[in-house]
Structure formats: structure tokens, C-alpha cells
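Visitor: I keep hearing terms like "buried" and "edge-to-face". Could you show me how such labels are earned?

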Amino acid sequence: MPSINWYFNRLRSMTPREIAWRATGAARDAVDRWRFAAGRYPAPSDTSTHGCSPNPPCRLTDVPVGAWTGNAAPLLCEWRGGLIKRADGLMQHRLTFFNLDARHAGDPIDWNRDLENDRATPRTFAATIDYRNARLAGDAKVVWEPNRHQHLVVLARAYRATGDVRYAREAIAQIESWLDQSPFGYGMNWRSPLELGIRVINWVWTIDLIRESGAFGGAIEDRIRHAIQLHVWEIVRKYSRSSSANNHLIGE
């Protein structure tokens, strides 16, 4: 947790306009604490995509399903071996990031845990969590990294390369377990708009890569669409400004 001097120097570097913006944000968070507890945030009916075409206006890849099988070029076969090895580890919920190698993350994956220190993180109202306090919230970067869901793109690529629907189903199952454990506005995974932005990017890539698998549809599609809308709604309300408008703003 930063010292009093850190807060004092930070405040001294702010303009009156930034101070006012931060005070407004604090007031918004105080209201949100009550609103979210009462379920007063955009509902699925408010973010409905009914009437939209089920097909996206563009695709992120033109690689056909199963492209790296059969008579694929030798180099593609070599790439396929490395990709499948990584994806098979992810099927077993073994995550590799930072200094962690194939760390088992639970069945289902425990999305609210510092896997390096094996420490549970708070599931309280996100805006009140002091993510700088490692004793309370774990190492924030270790908690957030797997929740960026970059590894889901590996599963989606494995489906695209081989046509094996198990990888597509696992990607969606992991998103669904994340939604079960991460109610909107609560826990470390809703603490930083930057993390929300990165997660949505990876969801979009994952969904596009597995679209032909049949794993993304029906009730889970509606649930994920609503979650994406909530991510975007929250990011837009909290764009970084002034002295905070750096790499976080780019991610947002």
C-alpha cells in the first residue's frame, strides 16, 4: 500500500480539473455500490442484439477449419504440434504465465485466486478493493494475467487448425465458469477497466475462431453477449484521464 507521502505527492501533481474528475469518480463508485447490489445496471433487455444478423460483418481470420490437417504443408504440421501441446495443457486447466509453468488452476479454474501464492482474493465490491495491498488482494498482476483470457485464443486456434470441437467447447466452458465466479462489479476481475478491455479483445478473437463449431450459441451466447456489453459499458464510464491517461487508456 502506498505511503501517505506517495498520496500527497500524487495529489500535488494533479490539476484542479483532475481532482474534480477523481472526486466525481469516487461519488460514482459510492452510488454504484448501492446500485449494483440492487441489480441496477444494464440488463440483457437493455443491451439486446435481437434483430441483428447472426453473422458478423467481417471475420478476423480466413483460415478454414481443419486447415492444419491432412495434406497441410510440413511447416504447418510443425506449428500444429506445438499448438496442440499447449492447447492440451489448457484442456487440463494448466496455465503457464510469468514464472508459473503448467500450474494447475483448479477444476473448474479458480478465477479469483493468486495462483503463485495460492491466496484467495476478495469478491467484494470491486471499486473498494485495494489491489496494491498484496496481503489483501494477492499479487494483482498474477491474479489478472489469466483473467485476461489470452490463453482462450490458443484453444480457439487449436480448434481452427484441427477441427476438433473439444477445444472450442473448452474455451466456452472456461468463459462460462468465469461468468459464474465473477458477478458484474464484484471481485478483482472487475477492478481495472484496462483488464476488462484486454479480456473483451480475447473473447472476440476466441468467438470468431470457433464460430463454426456450434459451441457458441443459444443461452450461453446471450449470456456472453450481455457480459461483453457490461464490460464495454463499464470501460466507457471509466476512461482514464489526465495523469492516468497512459497505457491504461490505450488498453481501454
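Guide: Sure, let's go through some labels in this structure one by one. Keep in mind that this is a predicted model.

Visitor: Okay, what is the protein built from?

Guide: The protein has 10 helices and four strands. Starting at the N terminus, the order is α-α-α-β-β-β-β-α-α-α-α-α-α-α. Of its 252 residues, 43% count as buried.

Visitor: Why is Phe 36 called buried?

Guide: Buried means under 20% relative accessible area. Phe 36 has a value of 5%, so the label fits.

Visitor: And what makes Tyr 41 partly exposed?

Guide: That label covers what lies between the buried cut-off of under 20% and the exposed cut-off of over 50%. Tyr 41 comes out at 27%, so partly exposed is the right word.

Visitor: How do you know that Phe 36 and Tyr 41 form an aromatic pair, and why is the pair called edge-to-face?

Guide: Two checks here! Ring centres have to lie within 6.5 Å, and planes over 60 degrees apart count as edge-to-face. For Phe 36 and Tyr 41 the centres are 5.8 Å apart and the planes make an angle of 90°, so both checks are passed. The structure holds 13 aromatic pairs.

Visitor: What about Trp 178 and Trp 190: why is that pair called tilted?

Guide: Stacked needs planes under 30 degrees apart, edge-to-face needs over 60, and the rest are tilted. The rings of Trp 178 and Trp 190 have 50° between their planes, so they land in the tilted group. Their centres are 5.8 Å apart.

Visitor: What makes this pair a tie between parts of the chain?

Guide: Trp 178 lies in helix α7, while Trp 190 belongs to the loop between α7 and α8, so the pair links parts 12 residues apart in sequence.

Visitor: Are these two buried or exposed?

Guide: Trp 178 has 0% relative accessibility, and Trp 190 has 5%. The cut-off for buried is under 20%, so both labels are "buried".

Visitor: Which aromatic cluster does Trp 190 belong to?

Guide: One whose members include Phe 36, Tyr 41, Trp 178 and Trp 233.

Visitor: How do you know that Arg 166 lies over the face of Tyr 167?

Guide: The charge must be within 6 Å of the ring centre and within 35 degrees of the ring normal. Arg 166 is at 5.2 Å from the centre of the Tyr 167 ring, so the distance part works out. Arg 166 is listed as lying over that face.

Terms used: Residues numbered from 1 in each chain as written. Predicted model: local features only at pLDDT ≥ 70, side-chain atom pairs only at ≥ 80, totals over all residues. Heavy atoms only, no water. Helix = DSSP H or I, 4+ residues; strand = E, 2+ residues; numbered from the N terminus. Buried < 20%, exposed > 50% of the residue type's maximum accessible area, 1.4 Å probe, protein only. Phe/Tyr/Trp six-rings, centres within 6.5 Å; stacked < 30°, edge-to-face > 60°.
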